[in-house]
Amino acid sequence: MAAKSFDLIVIGAGPGGYVAAIRGAQLGLKVAIVEREHLGGICLNWGCIPTKALLRSSEVFHLMHRAGDFGLSAGKIGFDLDAVVKRSRGVAGQLSAGVGHLMKKNKITVVMGTATIPAKGKVQVKTDKGSQDLTAANIVLATGARARELPGLEADGDLVWTYKHALSPPRMPKKLLVIGSGAIGIEFASFYNTLGADTTVVEVMDRVLPVEDAEISAFAKKQFVKQGMKIMEKAMVKKLDRVPSKSGGKVTAHIEVKGKVETHEFDTVISAVGIVGNVEGLGLEGLGVNIDRTHVVTDEYCRTGVDGLYAIGDIAGAPWLAHKASHEGVMVAELIAGGKPHAVKPESIAGCTYCHPQVASVGYTEAKAKELGYDIKVGRFPFIGNGKAIALGEPEGMVKTIFDAKTGELLGAHMVGAEVTELIQGYVVGRQLETTEEDLMNTVFPHPTLSEMMHESVLDAYGRVIHM
């Protein structure tokens, strides 16, 4: 059977791949997309979206317990974990179906199966019905990543879970160990801790949320501890001894702290120790693609160095964020169609963590700005000084801004507290427009809103803060 010919073939239908396919189709390209499992990829089906649905349930549960603070009463507060998970899966299903609709609307050929690239410009797909050959001058790799598994800490779905098991749990953990305190680990710790699990978080670095600004990490940690979490920093899980559920179900974790190994017992472990790029089985080595620690090496325009082959999203390295993947997908499609798009700048991409309290940031941390040699001005403003935060019953949090003292450039912004994942976009737009402190000071922020703290933090950096 003759190979079907396209202008663009996208391998992987996650938030990078399906967006690249849509933008390519909008620009008049004939597009095919290959997906081995779910339209929408990990993000829609087993990542960003269903975790947010779970976290929303735990947030409402938390607020129900605080009803008295708001002059309300609620009796017999409880939860049905199966129903919570069912809602989460329903949200994911709805969005995955939506991606299918978008593929049809944009006349994109969807091929369900596993792809390999036997030669430049050729894609072979193993489907349920056999094998299908496709050709295109341009191929975009958007195969994403999976959970990293460390020797001896491998997931079994019974006692030791990856994010996937934690999203569709076989039971409610009573005593939970979370290994890793990046976004994935801390979100699951937050969810299960709020629902009543006795939760311990082990982090190998010297602080939780290690990619965040040190001040924000310290603030968040204080809140987690206040909520009953145990946080073990500079600690490493060396070994897990397991007694399967059918025989009682327990895990003894051997945790090294300050050179000594302690043993702690749990009934459930969630491993969230990073990700590994899905680079195997594609035939990349034969094409001469450069792979560094499971990630495809690309230039700023996601070009792999092999003519007509691009890599976007998690497979192309940090930051491992869905919105970065989507934006790269648009950029690459425009490049292929003959446009001159701007390269995606990693330091202008916001990171959001949906734990309680939320954490969000963009640009350089204070330490990084200093390391890069900037003379800086730093401003801070606490939630307790904001009327809307107090009215919401959310007085715990802070906004921190970092400026270049010489030029007034906004170098970084860091937040912890209620709804900061929504607020951060104001600073993202500011950085994109190359705003200065003067622009931000002269902007009128609406009252009463949480966003006023963004204004006050800028004012504070220049000794002009009003409400503190």
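In this predicted model, a hairpin of two residues connects strand 5 to strand 6, and the two strands, of which strand 5 covers residues 122-127, run antiparallel and are joined by six bridges. Beside the turn, T127 has G130 as its bridge partner in strand 6. Strand 6 itself spans residues 130-141 and is also joined to strand 1 (residues 4-11), this time in the parallel sense and through seven bridges. Within that pairing V10 is found opposite V140 of strand 6. A further parallel pairing, over three bridges, links strand 6 with strand 19 (residues 309-311), where A311 serves as the bridge partner of L141. Strand 1, for its part, also pairs with strand 2 (residues 31-35), again in the parallel sense, over four bridges, and here L8 faces V31 of strand 2.

Following the chain from strand 1 leads to helix 1, which comprises residues 17-26 and whose axis comes within 8 Å of the axis of helix 9 (residues 322-336), the two crossing at roughly 30 degrees. The crossing of helix 1 with helix 9 is right-handed. On the side of helix 1 the contact is made by V19, A20, R23 and G24, and on the side of helix 9 by S326, G329, V330, A333 and E334. Sorted by class, the residues of this contact comprise four nonpolar, three polar and two charged ones.

Attention can now turn to the antiparallel sheets. One of them is an open sheet of three strands in the order 12-13-14, paired in the antiparallel sense. Its edges are formed by strand 12 (235-243) and strand 14 (260-266), each of which pairs on one side only. On average, and with direction ignored, neighbouring strands of this sheet are turned by 20 degrees against each other. The antiparallel pairing of strand 12 with strand 13 (residues 250-257) extends over eight bridges, and in it V237 lies opposite I255 of strand 13.

Another open sheet has five strands, arranged in the order 20-21-24-23-22 and likewise paired antiparallel. At its edges are strand 20 (351-353) and strand 22 (376-382), and because each of these has a single partner strand, one side of each is left without a neighbour in the sheet. The average turn between neighbouring strands of this sheet, direction ignored, is 10 degrees. Strand 20 and strand 21 (residues 358-363) run antiparallel and are joined by three bridges, with V359 in strand 21 as the bridge partner of T353.

The five-strand sheet is also where helix 12 is placed, for this helix lies across strand 20, strand 21, strand 23 (398-404) and strand 24 (410-417), and it runs at about 10 degrees to strand 21. Helix 12, made of residues 420-432, further approaches helix 14 (residues 452-461), their axes coming within 10 Å and crossing at roughly 50 degrees. Since that angle falls between the range counted as roughly parallel, under 35 degrees, and the range of 65 to 115 degrees counted as roughly perpendicular, helix 12 and helix 14 are oblique to each other. Their crossing is right-handed. Where the two helices meet, L423, G426 and Y427 of helix 12 touch M454, H455, S457 and V458 of helix 14. The residues of the contact of helix 12 with helix 14 fall into four nonpolar and three polar, with no charged residue among them.

It remains to place these elements in the whole chain. The protein chain contains 14 helices and 24 strands. Its radius of gyration is 24 Å, close to the 23 Å that the globule rule gives for 468 residues, and the chain is therefore as compact as a globular protein of that length. Taken along the principal axes, the box filled by the C-alpha atoms of the protein chain is roughly 70 × 65 × 45 Å.

How values were computed. Residues numbered from 1 in each chain as written. Predicted model: local features only at pLDDT ≥ 70, side-chain atom pairs only at ≥ 80, totals over all residues. Heavy atoms only, no water. Axes fitted to C-alpha atoms, helices over the stretch in contact; angles between N-to-C directions. Parallel < 35°, antiparallel > 145°, perpendicular 65-115°, else oblique. Left-handed = near helix turned anticlockwise from the far one by under 90°. Contact = heavy atoms within 4.5 Å. Nonpolar A, V, L, I, M, F, W, Y, C, P; charged D, E, K, R; others polar. Pairing = 2+ DSSP bridges. Rg over C-alpha atoms; globule rule 2.2 N^0.38 Å.
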